[in-house]
Amino acid sequence: MTSFCESQNLLEDLIKKAKAAGADAADAVMFRSVSVSHAQRLGKMEKLEREESNDLGLRVFIGKRNAVVSSSDASPQAINELVERVISMARVVPEDPYAGIASEDEIATSLPELDIYDPTEPSADELIKRAKECEEAALATEGVTNSGGAEASWGEATIALAASNGFSGSYNSSGHSVSVSVLAGEKESMERDYDFSSAVYGSDLMSSAEIGKSAGLKTIQRLNPRKPDTTNNISVVYDPRVSSSIMGHMVGAITGPAIARGTSFLKESLGEKIFADGISIVDDPHINRGLRSKPFDGERLANRKQNIIENGVLKTWLLSLSSARQLNLKSTGHASRGTSGNPGPSTTNLYMEAGKLSFEDLIKDIKQGFFVTEMMGSSVNGLTGDYSRGAGGYWIEDGQIAYPVSEATIAGNLKDMFLNLTPANDLTFRYGSNAPTIRIDGMTVAGN
C-alpha cells in the first residue's frame, strides 16, 4: 500500500495549492484500496477479481461558501485542474453559516494504536480454499439441495486526511470475509439461508467449515414455514443477526441534521429515559481489531468511547462540526466523510451491552411469540417513530421454538419498543454494529 508519508505529502501539497488559489481554508481526504475476491457455486469458480482504487477529495472554503470536488487522478495536471474547478465552484455557491473546518485547538493531537491492519495478504489459493471449504461443509448438511454460492474476500485501505488547520494524519485498515448461502427443499417449497464471518485479521475468522455447517443447519430449519395469524400485543424476539437494526433506527433519530431540522421523533428526548432501566448502548471507535475502528473522526477531531444510552437515558446527539454549530453545541467526534461530499455524523463500533438472561430464560414465559431471524423491506416514519417491517423466523409457543414462519409483518412504535426492550446475555462482536438477542413486548404481528 501507499506509504503514510506519500499520501500526506500529496494532500498537504493540494491544500497549499488551494490556499494559493484563493481559499481561506481547505481540507482533503484520500482513500486508496486494494481488494481480492473469489466466488464459486457448486464447486465451479464464478469470479476471481483484484481491484485497486484511488479516490481523492478536496473541500475549500471562501468566506462562508464551500465546495467539494473529487477525482481518481492524482497526476500534477489533474491536481491543478481539481483546484481550479473547486475554487470556481466555491465562489458562486450560496453561503452556509455553519460551514468551516475545525479550529487548531479542536484537532486531534495524539492518535491511539488500534491494531486494525493485518499486513498479511492471503494468496488467491487461500481465498479459493476458504470458499471451497465453506461451500462443501454447507452442501454436506443433510437436506441441503442447492447452493447460492460461496465467497471469500480480502481488502486493505489507506485513509489519509489533511487540513489547513495543521492536521495531517493517516492510517491503514484491512478486512477479511467468508460467506455462503444454500437452499433446501424442492420447487415451490425451497428455502434459503446463509452465514458468514468477517474480521480485520484473517486469523480471527470463524473456520470455513464452521460457517458452512451453520449455514446448512439454518437453511434446513426453515423448511415448511407457516404464515402466522395476525396477533396484537405479542412478544417479538430479534436474533443477533437483525437485533442491531433497532439501534440503527435510534441512530437515525439522534443525528445532528435530523435534530436541527426537527424531523426526529426523539428531538425532545436528550437527557430523557427512552429505554428501560439497565439498557446501555455504546459507541467505541477504539476497539482493538474493531471492524469500524478509527483513530480520529472525518474532521480530524479526537474520537472516544461514549455511552449513547446509559441506564436507559439518551446522553448525547451524534454531531459533526456543522450540525453541532446549528445546535450551538460541540462536535461529538462522530463525523464521517467520503471524497465527494461534506462530512456527516455516523457511529463506529456501536453495541448494546449484554443483559443478564440467557436466550432460554428470555423466551421461557412467552406463550405465543415470534423469533425473528431475517427482515426485509422497511417502513419507518422518522417523525413519529411508527415502525413496520417484513420478517421471517420461528414461532414461539410455551417458551419453546415451535416451527418456522415466513411472510409476516411486525409493527409497533419505536418509542414504545425502546421502553419495552430486554436484552439477552449473548452479545458477540460479528458486525460493525452489534446487539445481543433482544425481546420487545407489546408488538403486532400481521400474517393471515
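1. Strands here are DSSP runs (E, at least two residues), numbered from the N terminus. With that in hand, start at the largest pocket of this predicted model: β1 (25-41), β4 (144-163) and β5 (168-184) each put at least two residues into its lining. The biggest share comes from β5, with four residues. The pocket's volume is about 370 Å³, and 23 residues line it, with Phe31, Ile159, Tyr171, Ser293 and Lys294 closest to the centre.

2. Tyr171 turns up again among the aromatics, where ring pairs tie it into a cluster with Phe167 and Phe296. So have a look at Tyr171 from both angles: one of the residues closest to the pocket centre, and a member of that ring cluster.

3. How many cavities of 30 Å³ or more does a search of the whole structure find? One. The largest cavity holds about 40 Å³ of space. Its lining is made up of Asp27, Arg59, Ile101, Ala102, Ala163, Asn165, Glu299, Arg300 and Leu321.

4. On to the aromatic pairs, of which the count is nine. Take phenylalanine 196 and tyrosine 431: the ring centres are 5.4 Å apart and the planes meet at 50°, so this pair is tilted. It bridges distant parts of the chain, 235 residues apart, with phenylalanine 196 in strand β6 (residues 191-199) and tyrosine 431 in the loop between β17 (421-423) and β18 (433-434). Are the two residues buried or exposed? Both phenylalanine 196 and tyrosine 431 are buried.

5. Two arginines are worth a click as well. Arginine 241 has its charged end over the ring of tyrosine 194, 4.4 Å from the ring centre. Arginine 289 does likewise with tyrosine 201, its charged end lying 3.7 Å from the centre of that ring.

6. Now the β14 neighbourhood. Strand β14 (residues 368-380) runs parallel to strand β7 (residues 231-238), and four bridges join them; serine 235 faces glycine 369 of β14 there. β14 also pairs with strand β15 (residues 386-397), this time antiparallel, over 10 bridges. Within that pairing, methionine 375 has alanine 391 of β15 as its bridge partner. Five residues separate β14 and β15 in their hairpin, and glycine 385 has a positive phi near 85°.

7. Alanine 391 comes back when you look at alanine 408, which sits in strand β16 (residues 400-413). Leaving out residues up to four places away in sequence, alanine 408 touches Pro228, Phe370, Arg389, Gly390, Ala391, Val445 and Ala446. Why call alanine 408 buried? Because its relative accessible area is 4%, and the cut-off for buried is under 20%. Asparagine 448 lies 40 residues away in sequence, with 8.5 Å between its C-alpha and that of alanine 408.

8. There is a separate open sheet of five strands, ordered β10-β9-β8-β13-β18, with mixed pairing. β10 (313-314) and β18 are the edge strands with a single partner each, so each has one side without a neighbour in the sheet. Further in, strand β8 (residues 281-283) and strand β13 (residues 350-352) are antiparallel and joined by three bridges. Aspartate 283 is matched with leucine 350 of β13.

9. Serine 70, in strand β3 (residues 65-71), is an in-between case. At 33% relative accessibility it counts as partly exposed, because buried stops at 20% and exposed starts over 50%. Its C-alpha is 4.2 Å from that of glycine 57, 13 residues away along the chain. Beyond its neighbours within four places in sequence, serine 70 contacts Leu56, Gly57, Leu82, Arg85, Thr339 and Ser340.

10. Finally, two residues to check on the Ramachandran plot. Asparagine 224 is not a glycine, yet its phi is positive at about 60°. Where does asparagine 224 lie? In the loop between α4 (208-220) and β7, and with a relative accessible area of 62% it is exposed. Aspartate 398, likewise a residue other than glycine, has a positive phi near 50°. Aspartate 398 belongs to the loop between β15 and β16, and its 55% relative accessibility makes it exposed.

Key. Residues are numbered from 1 along each chain as its sequence is written. This is a predicted model: local features need pLDDT of at least 70, side-chain atom pairs count only at pLDDT 80 or more; totals for chains, interfaces and linings use all residues. Side-chain values use heavy atoms; hydrogens and water are left out. Two strands pair if DSSP finds at least two bridges between them. Buried means under 20% relative accessible area, exposed over 50%, partly exposed in between (1.4 Å probe, protein chains only). Contact means heavy atoms within 4.5 Å. Rings of Phe, Tyr and Trp (its six-membered ring) pair if their centres lie within 6.5 Å; planes under 30 degrees apart count as stacked, over 60 as edge-to-face and the rest as tilted. A charge sits over a ring if NZ of Lys or CZ of Arg is within 6 Å of the ring centre and within 35 degrees of the ring normal. On a 1 Å grid over the protein atoms alone, a cavity is a set of points where a 1.4 Å probe fits but cannot get out, and a pocket is an open set with protein on both sides within 12 Å along at least five of seven lines; lining residues have an atom within 4 Å of a point. Grid points are joined across faces, edges and corners, and a volume is the space filled by probe spheres set on the points.
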